Amino acid sequence: MNSLISEYSIEGKKNKKPDGHYYIDKHGAEMISIAAIKQNLEMKEGEAQKLVKERFPDLWEHYDVNNDGFMEVERAPMFIRGMVGENEAAAGL
């Protein structure tokens, strides 16, 4: 969770002040997906990008049900498991 928050998320604001709630936008989710696939499935950059291109649209639509363009950072680990798709590889996530 630490890297999800520190590297990929955006902090929400209320009355123009940070509110302590973190979100992952679509671009951040794509970057997380590529990193997770490269690490857990031991793919090279191009292979990981190809897999993300195949899997990402449907999975993003599933997690961004209100079409807000973001999801809560707490939902990102489940999203990543869906992207990796391999039970053995996702077991450590």
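**Charge distribution, fold and local features of the predicted model**

The mean positions of the 12 positive and 17 negative charges of the chain lie 5 Å apart. The structure described here is a predicted model, and the values reported below were computed from its atoms. Side chains of opposite charge can pair when their charged atoms come close, and in this chain the count comes to 2 salt bridges. One of them joins the side chains of Lys 38 and Glu 45, with a distance of 2.7 Å from N to O. Lys 38 counts as partly exposed, because its relative accessibility of 34% falls between the limits of 20% and 50%, and Glu 45, with a relative accessible area of 35%, is likewise partly exposed. A salt bridge is also formed by Glu 72 and Arg 75, whose closest N and O atoms are 3.8 Å apart; this separation counts because the limit for such a pair is 4 Å. Glu 72 is partly exposed at 34% relative accessibility, and Arg 75 is partly exposed at 28%.

With regard to the overall fold, the secondary structure of the chain comprises 5 helices and 3 strands, which follow one another along the sequence in the pattern α-β-β-α-α-β-α-α. The radius of gyration of the chain is 13 Å, in agreement with the value near 12 Å that would apply to a compact globule of 93 residues. Taken along the principal axes, the box filled by the C-alpha atoms is roughly 45 × 25 × 20 Å. Of the 93 residues in the chain, 30% are buried, and the accessible surface comes to about 6300 Å², with 47% of this area belonging to carbon and sulfur atoms. Among the contacts with a sequence separation of 6 or more, 48% are accounted for by residues that stand 24 or more positions apart.

The loop between strand 1 (10–14) and strand 2 (17–25) contains Lys 16, and Asn 15 lies in the loop between these strands as well. Asn 15 is exposed, with a relative accessible area of 68%, and Lys 16 is exposed, with a relative accessible area of 78%; both assignments follow because exposed residues are those over 50%. Most residues other than glycine have a negative phi. In Asn 15, however, phi is near 55°, a positive value in a residue other than glycine, and in Lys 16 phi is near 65°, again positive in a residue other than glycine. The C-alpha atom of Lys 16 is separated by 30 Å from that of Ser 33, a residue 17 positions away along the chain.

Ser 9 is placed in the loop between helix 1 (2–8) and strand 1. Its relative accessible area is 17%, and Ser 9 is therefore buried, the limit being 20%. When neighbours within four places in sequence are left aside, Ser 9 is in contact with Leu 4, Tyr 22, Tyr 23, Ile 24 and Val 73. For one of these partners, Tyr 22, the C-alpha atom is 6.0 Å from that of Ser 9, although the two residues are 13 positions apart in sequence.

Gly 69 occupies the loop between helix 3 (45–63) and strand 3 (70–72), and with a relative accessible area of 29% Gly 69 is partly exposed. Apart from neighbours within four places in sequence, the contacts of Gly 69 are with Ile 24, Asp 25, Lys 26, Trp 60 and Asp 64. Ile 24 is thus listed among the contacts of Gly 69 and also among those of Ser 9. The distance from Gly 69 to Asp 58, C-alpha to C-alpha, is 14 Å, for a separation of 11 residues in sequence.

Further along the chain, Met 78 is found in helix 4 (residues 76–84). With a relative accessible area of 40%, Met 78 is partly exposed. The C-alpha atoms of Met 78 and Gly 28 are separated by 15 Å, the two residues being 50 positions apart along the chain.

Methods
Residues are numbered from 1 along each chain as its sequence is written. This is a predicted model: local features need pLDDT of at least 70, side-chain atom pairs count only at pLDDT 80 or more; totals for chains, interfaces and linings use all residues. Side-chain values use heavy atoms; hydrogens and water are left out. Buried means under 20% relative accessible area, exposed over 50%, partly exposed in between (1.4 Å probe, protein chains only). Helices (H or I, at least four residues) and strands (E, at least two) are DSSP runs, numbered from the N terminus. The radius of gyration is taken over C-alpha atoms; the globule rule is 2.2 Å times the number of residues to the power 0.38. Contact means heavy atoms within 4.5 Å. Accessible areas come from the Shrake-Rupley method with a 1.4 Å probe; for residues, only the protein chains shown count as cover. Lys and Arg count as positive and Asp and Glu as negative; His and the chain ends are not counted. The place of a charge is taken as NZ of Lys, CZ of Arg, CG of Asp or CD of Glu.
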